[in-house]
Amino acid sequence: MESITITSTFTVYPSVNDLPEDVAALLQQAINVRLNAYAPYSRFHVGAALLLDNGKIVIGSNQENAAYPSGLCAERVAIFHAGAVYPDAKILKMAITAASEQRVVSEPIPPCGGCRQSIAEYELKQDEPIEIWFMGETGPVYKSESLRNLLPMVFGGKDL
Ligand code: THU
C-alpha cells in the first residue's frame, strides 16, 4: 500500500507591524471593509481585500441573511466582485481579517472550505498563485504563498 503525504507551509508574521508595506495597506483595506460586514446573526465580522495585477483593490465583507445559507462570506463577496468588474485581471494577493462581537479574535482566521474552493477556481483560471494573508482582529498574520496550501488536493475543471 502506498501513501500520499501533503505538507503545507505558512509564513508567520508576529503582527501587522511586521508586514511588507503593500500588504499592510491591503490589510488595512480589509480592516476598513470589515466594519461594513452585515452579521446580525453570527456577530462575526470578516473583511477581505484583493490586489489585482491592474493595480486595483477590490473589497468585500460578509453579508448574512435570515435564511442562513443565503448569506455569503467576505472572501466570496470580494472574489466574485473582482470577477464581475475586472474579469481579465489576475488576483495577486488576498488579505483577510475577522473580528467577533463576543470575544477578541487574536488568532489568524483562515478562509472556510467553501471560500477555498471558490478562490481555487480563480487561481486555476489565471494559472498563477494567489497569496493569501490572514489574521484575526489582532495578533499574528499568516501568509500562504498560494491557495493550494489551504486546499492541496483541489477539485477543478480538469476533474470533470
Ligand atoms: N465567514 C466569512 O466571511 N469568511 C469565512 O471564511 C468564514 C466565515 C462569515 C460567514 C458568516 O457570516 C460568519 O462569518 C460566521 O460564520
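A residue is called buried under 20% relative accessible area, exposed over 50%, and partly exposed in between, with a 1.4 Å probe and protein chains only as cover. The structure is a predicted model, in which local features need pLDDT of at least 70 and side-chain atom pairs count only at pLDDT 80 or more, while totals for chains, interfaces and linings use all residues. Residues are numbered from 1 along each chain as its sequence is written, and side-chain values use heavy atoms, with hydrogens and water left out.

With a relative accessible area of 44%, I6 is partly exposed. I6 is placed in the segment before strand 1 (11–13), strands being DSSP runs of E of at least two residues and helices runs of H or I of at least four, numbered from the N terminus.

Attention turns next to the ligand. The residues around the ligand, each with a heavy atom within 4 Å of it, are S42, F44, V46, N62, E64, C73, A74, E75, P110, P111 and C112. This shell divides into seven nonpolar, two polar and two charged residues, where Ala, Val, Leu, Ile, Met, Phe, Trp, Tyr, Cys and Pro count as nonpolar, Asp, Glu, Lys and Arg as charged, and the others, Gly among them, as polar.

A polar side-chain atom of E64 lies 2.5 Å from an oxygen atom of the ligand, and a polar backbone atom of A74 is 2.9 Å from a ligand oxygen atom. In the side chain of E75, an N or O atom is 2.8 Å from a nitrogen atom of the ligand. Strand 2 (44–52) and helix 2 (74–85) are the elements that give two or more residues to the shell.

Terms used. Polar contact = N/O pair within 3.5 Å; in protein donor to acceptor, adjacent residues only side chain to side chain.
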